[in-house]
Amino acid sequence: MLQKNDKREQSIMDIILIPLLAVMSAVIGIYAWIVIASVIVSWLVNFNIINSNNNFVLMIMEFLYRVTEPVLMKIRRFVPIISGFDLSPIVLILLLWFVQAVIARLMVKILVVGGV
């Protein structure tokens, strides 16, 4: 009787945990694309391809800055700017991909093995 109850509790946890991990992975993926968009917009502004005086462009730039800069600032403490090239977005994207891979492996382990 105890084993049957343990299986049921494990099944309920899997029902909650797998969608939660899937949502976390999706949010991490969206954030990685936001970081990529931030880099691309900064390049486009620096090369005068888009006008930063445009209100719409300014609004997008401000959003991207507010969303990415707090994390990038912490990474810049450890990864300095080299010859005017900021490596912190690359480091952040690699970290995000790593966390996504860990979440994917955890989900596979839960599904295949039947628990953490």
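**Exercise 1. Is Glu62 buried, partly exposed or exposed, and what is its relative accessible area?**

Solution. Keep in mind that we are working with a predicted model.
- Step 1: Glu62 has a relative accessible area of 40%.
- Step 2: Buried means under 20% and exposed means over 50%, so Glu62 is partly exposed.
- Step 3: Now look for a partner. Glu62 forms a salt bridge with Arg66, and the closest N and O atoms are 2.9 Å apart.
- Step 4: Place the pair. Both Arg66 and Glu62 belong to helix H2, four residues apart, which is about one turn of the helix.
- Step 5: Arg66 has a relative accessible area of 59% and is therefore exposed.

**Exercise 2. Describe the overall architecture of the chain.**

Solution.
- Step 1: Count the elements: there are three helices and zero strands.
- Step 2: Read them from the N terminus on, and the order is α-α-α.
- Step 3: Turn to burial. Of the 116 residues in the chain, 25% are buried.
- Step 4: Check how the contacts spread along the sequence. Taking contacts between residues at least 6 apart, 63% join residues at least 24 apart.
- Step 5: Finish with the surface. The accessible surface is about 8800 Å², and carbon and sulfur atoms account for 71% of that area.

**Exercise 3. Trace the salt bridges of Arg76.**

Solution.
- Step 1: Start from the total, since a search of the whole structure finds three salt bridges.
- Step 2: Arg76 pairs with Glu69, with the closest N and O atoms 2.3 Å apart.
- Step 3: Arg76 also pairs with Asp86, and here the closest N and O atoms are 2.9 Å apart.
- Step 4: Arg76 sits in helix H2 while Asp86 sits in the loop between H2 and H3, so this pair ties together parts ten residues apart in sequence.
- Step 5: Through shared partners, Glu69, Arg76 and Asp86 become one network.
- Step 6: Compare accessibilities within the network. Glu69 is buried at 12%, Arg76 is partly exposed at 26%, and Asp86 is partly exposed at 23%.

**Exercise 4. Locate the largest pocket and the residues around its centre.**

Solution.
- Step 1: The volume of the largest pocket is about 510 Å³.
- Step 2: The lining has 20 residues, and those closest to the centre are Ser38, Val39, Ser42, Asp86 and Pro89.
- Step 3: H1, H2 and H3 are the elements that each give two or more residues to this lining.
- Step 4: Link back to the previous exercise: Asp86 is also a salt-bridge partner of Arg76.

**Exercise 5. Contrast the environments of Thr68 and Met73.**

Solution.
- Step 1: Helix H2 holds Thr68, and helix H2 also holds Met73.
- Step 2: Thr68 has a relative accessible area of 1%, so Thr68 is buried, whereas Met73 is partly exposed at 46%.
- Step 3: Leaving aside neighbours within four places in sequence, Thr68 is in contact with Tyr31, Ile34, Val35 and Ser38.
- Step 4: For Met73, consider Ser88: 15 residues separate the two in sequence, and their C-alpha atoms are 8.2 Å apart.

**Exercise 6. Map the nonpolar patch on the surface.**

Solution.
- Step 1: The members are Ile40, Trp43, Phe47, Ile49, Phe85, Ile90, Leu94 and Trp97, which together offer about 890 Å² of accessible area.
- Step 2: Helices H1 (2–46) and H3 (88–113) each supply at least two of the patch residues, and the largest share, three residues, comes from H3.
- Step 3: Ile49 is found in the loop between H1 and helix H2 (55–76). Its relative accessible area is 57%, so Ile49 is exposed.

Conventions
Residues are numbered from 1 along each chain as its sequence is written. This is a predicted model: local features need pLDDT of at least 70, side-chain atom pairs count only at pLDDT 80 or more; totals for chains, interfaces and linings use all residues. Side-chain values use heavy atoms; hydrogens and water are left out. Patches are made of residues with over 30% relative accessible area and no salt bridge: like charges are joined within 9 Å, nonpolar side chains (Val, Leu, Ile, Met, Phe, Trp, Tyr) within 5 Å. Accessible areas come from the Shrake-Rupley method with a 1.4 Å probe; for residues, only the protein chains shown count as cover. A salt bridge is a side-chain nitrogen of Lys or Arg within 4 Å of a carboxyl oxygen of Asp or Glu. Buried means under 20% relative accessible area, exposed over 50%, partly exposed in between (1.4 Å probe, protein chains only). Contact means heavy atoms within 4.5 Å. On a 1 Å grid over the protein atoms alone, a cavity is a set of points where a 1.4 Å probe fits but cannot get out, and a pocket is an open set with protein on both sides within 12 Å along at least five of seven lines; lining residues have an atom within 4 Å of a point. Grid points are joined across faces, edges and corners, and a volume is the space filled by probe spheres set on the points.
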